[in-house]
Amino acid sequence: MLINYKTYLIFLFGSLAVSIGLQMLLPWPFGLIAALAIFIVFPLFLRNRALKRMGGMGTDAGSGGGGFFGQGQGVKYICLACNNRFKGGICPRCGSKMKRADF
Ligand SMILES: [Zn+2]
């Protein structure tokens with residue numbers, strides 16, 4: 001599985017919440033159709049993105065501080081100290097190691 005499991009769960013519950021909201025906002029057939037569309041589109045969207053990243057496994061490794069897989073090409077990070085977007089292990093602007101992955 002190329003899909004990040006945690007990301008998938010977040011999207012799954014997020015789309016669940018949205019679909020419940022749609023049931024309330026829209027009359028019956030449209031709410032159901034919209035909810036189904038979300039459940040179909042979200043996994044496809046995630047899958048495409050995971051494939052583009054090519055082996056996006058271990059993107060959570062950044063929490064350990066410069067994880068082995070965290071240096072993968074194509075993965076960018078946002079510095080928690082100065083919000084600078086960068087690649088690699090350390091923020092080039094302020095030198096902070098505190099970062100989060102930017103998908
Ligand atoms: Zn920084």
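Student: Which residue in strand 3 is the bridge partner of Lys76?

Tutor: Asp102 is the partner that Lys76 finds in strand 3. Keep in mind as we go that this is a predicted model. That bridge belongs to a set of four joining strand 1, residues 76-79, to strand 3, and the two strands run antiparallel. Ile78, further along strand 1, stands opposite Arg100 in strand 3.

Student: What is the overall order of the elements from the N terminus on?

Tutor: Begin with the inventory, then place the parts along the chain. The protein has two helices and three strands, and they run α-α-β-β-β from the N terminus.

Student: How do I read the sheet, and in what order do its strands lie?

Tutor: Look at who pairs with whom. Here the three strands make an open sheet with the order 2-1-3 and antiparallel pairing. Strand 2 (85-86) and strand 3 (99-102) are the edge strands, each pairing on one side only.

Student: How many bridges join strand 1 to strand 2?

Tutor: Two bridges join them, and this pair also runs antiparallel. Tyr77 of strand 1 has Phe86 as its bridge partner in strand 2. The two strands form a hairpin, with five residues between them.

Student: Which residues of strand 1 are on the covered face, and which on the uncovered one?

Tutor: Sort the strand's residues by face. Tyr77 and Cys79 make up the covered face of strand 1, while Lys76 and Ile78 are on the uncovered one. Put this beside the pairing: Tyr77 is bridged to Phe86 in strand 2, and Lys76 to Asp102 in strand 3.

Student: What should I look for in the turn of the hairpin?

Tutor: Check the backbone angles there. Most residues other than glycine have a negative phi. In this hairpin, Asn83 has a positive phi, near 65 degrees, although this residue is not a glycine. Asn83 sits in the loop between strand 1 and strand 2.

Student: Why does Asn83 count as exposed?

Tutor: Count the C-beta atoms around the residue. Asn83 counts as exposed because 10 C-beta neighbours lie inside 10 Å, and the cut-off for exposed is 12 or fewer.

Student: Now the helices. Where does Ser19 lie, and which residues is it in contact with beyond its neighbours within four places in sequence?

Tutor: Ser19 lies in helix 1, which spans residues 5-25. With those sequence neighbours left aside, Ser19 is in contact with Ala35 and Ile38. The C-alpha atoms of Ser19 and Phe39 are separated by 8.7 Å, though the two residues are 20 apart along the chain. Ser19 is partly exposed, because 17 other C-beta atoms lie within 10 Å.

Student: What does Leu22 in helix 1 contact, again leaving aside neighbours within four places in sequence?

Tutor: Leu22, also in helix 1, is in contact with Gly31, Ala34 and Ala35. Ala35 is thus a contact of Ser19 and of Leu22. The C-alpha atoms of Leu22 and Ile33, eleven residues apart along the chain, are separated by 9.6 Å. Leu22 counts as partly exposed because it has 18 C-beta neighbours inside 10 Å.

Student: What percentage of the residues is buried in the protein as a whole?

Tutor: Of the 103 residues, 10% are buried. For contacts, ask how far apart in sequence the partners are: among those with a separation of 6 or more, 29% join residues 24 or more positions apart.

Student: What average pLDDT does the protein have, and where is the value below 50?

Tutor: Read the average together with the spread. The protein averages a pLDDT of 75, and 77% of the residues score at least 70. Over residues 58-68 the pLDDT is below 50, and beyond near neighbours in sequence this stretch has 19 contacts in the model.

Conventions. Residues numbered from 1 in each chain as written. Predicted model: local features only at pLDDT ≥ 70, side-chain atom pairs only at ≥ 80, totals over all residues. Buried ≥ 20, exposed ≤ 12 C-beta atoms within 10 Å, placed from the backbone. Contact = placed C-beta atoms within 7 Å. Pairing = 2+ DSSP bridges. pLDDT = per-residue confidence, 0-100.
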